[in-house]
Amino acid sequence: MAKPTDLTPFRVTPGKKIRLKDYDTGWMQAEGLKELGKEQSKQKASAMLEQSLAELSNMQQLLYADDRYSLLIVFQAMDAAGKDGTIKHVMSGVNPQGCQVFSFKKPSAEELDHNFLWRFMKSLPERGRIGIFNRSYYEDVLVVKVHPELIQALPDQPIGPSFWQDRYQDINAFERHLQRNGTIVLKFFLNVSKKTQKKRFMERLERPEKNWKFSAADLAERAHWDDYMAAYEQAINATSTEYAPWHIIPADHKWVTRALVAEVIVSALRGLDLSFPKVNAEQLQLLATARAQLLDES
Ligand code: ATP
Ligand code: MG
């Protein structure tokens, strides 16, 4: 059986200031993998993933039956970091009825006419469910910070550091509110290197079956790589909290990303006091009566 890896190197400790350049985008920070070569490491990661997926499927049933908590999983990343593939693989074993995925793109005119959290509020997972945000309200302190001209019409105020501090505070308050109401919030930054992004873009350009994935806009955003890294770093530092921690997940190798994300999710669910609802004496009596009725049918 593949032993779970130590997840602490990937979890951003609240209050600690991290620098993204200290995070390896390969597998050198993964305990149990780092000492292995590529092929062995890949095999081990896939065994870990398989094990986590089996556990996740059971835990999801329990989450649903328990009906007190919901789980919100937020994915943020640069283009081609593997958000879609990670969501597809990690959720492959769960009952589709207990899982909702929302992808957030450029806001519509109606969405821009509301506060920046409005559209996310409407898509939160119901009790007992797992909700996945493929991009999220963090775009409002990431792409919008890199391109401040995207900020919706607001009463005049300078768009300086305090504007962004206010947004981080709003996000923290929102996530705190979710936690107080039974939603577990897990946030993942899939940390791909600039070099690997280039390799994946090249594949999209050179392989006909991948051409559809290429978008010229992705290349334009790549030109702002350093600004994005700075925005991610600041957002992660300001919003990794006990109630909604960030995880920085290496994303240069898809097998590492998937295994680690699955492990973090399973380990968060394991930490909850989930249980199947207990049947009381009155309900037991009803069950016995129903059973007798069915047995009596001719
Ligand atoms: P994929 O490329 O794999 O389909 P994606 O998540 O990159 O997935 P796209 O349609 O390519 O989806 O991109 C969505 C775009 O919407 C991203 O560039 C993102 O930055 C942008 N976006 C998301 N939220 C906002 C926002 N609040 N304001 C402006 N742009 C936003
Ligand atoms: Mg894209």
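Let me start with two strands, E1, which covers residues 70-77, and E3, which covers residues 130-134, since these pair in the parallel sense over 5 bridges. I should say straight away that this is a predicted model, and everything I describe is to be taken in that light. To place the pairing on the sequence, Leu71 stands opposite Ile130 in E3, and Leu72 stands opposite Gly131, again in E3.

Strand E3 also has a partner in strand E2, residues 99-103, to which it is joined by 5 bridges, with the two strands running parallel. Here Cys99 has Ile130 as its bridge partner in E3, so if you are following along, Ile130 is the residue to find, as it stands opposite Leu71 and is also the bridge partner of Cys99.

Stepping back to the whole sheet, we have an open arrangement of 5 strands with parallel pairing, in the order E2-E3-E1-E4-E5. The edges are formed by E2 and by strand E5, residues 246-250, each of which pairs on one side only. On average, and ignoring direction, neighbouring strands of this sheet are turned by 20 degrees against each other. Packed on the sheet is helix H6, residues 161-180, which touches E1 and strand E4, residues 183-191, and whose direction makes about 135 degrees with that of E4.

Let me finish with the ligand. Which residues are closest to ligand 1? They are Lys105, Lys106, Glu139, Val143 and Leu150, out of 15 residues that surround ligand 1. Sorted by class, the shell around ligand 1 holds 7 charged, 5 nonpolar and 3 polar residues.

Note on methods
Residues are numbered from 1 along each chain as its sequence is written. Chains are lettered from A and ligands numbered from 1 in the order in which they are written. This is a predicted model: local features need pLDDT of at least 70, side-chain atom pairs count only at pLDDT 80 or more; totals for chains, interfaces and linings use all residues. A residue is near a molecule or strand if its C-beta atom, placed from the backbone, lies within 6 Å of it. Ala, Val, Leu, Ile, Met, Phe, Trp, Tyr, Cys and Pro count as nonpolar, Asp, Glu, Lys and Arg as charged, and the others, Gly among them, as polar. Two strands pair if DSSP finds at least two bridges between them. Helices (H or I, at least four residues) and strands (E, at least two) are DSSP runs, numbered from the N terminus. Axes are lines fitted to C-alpha atoms, for helices over the stretch in contact, and angles run from 0 to 180 degrees between N-to-C directions. Two residues are in contact if their C-beta atoms, placed from the backbone, lie within 7 Å.
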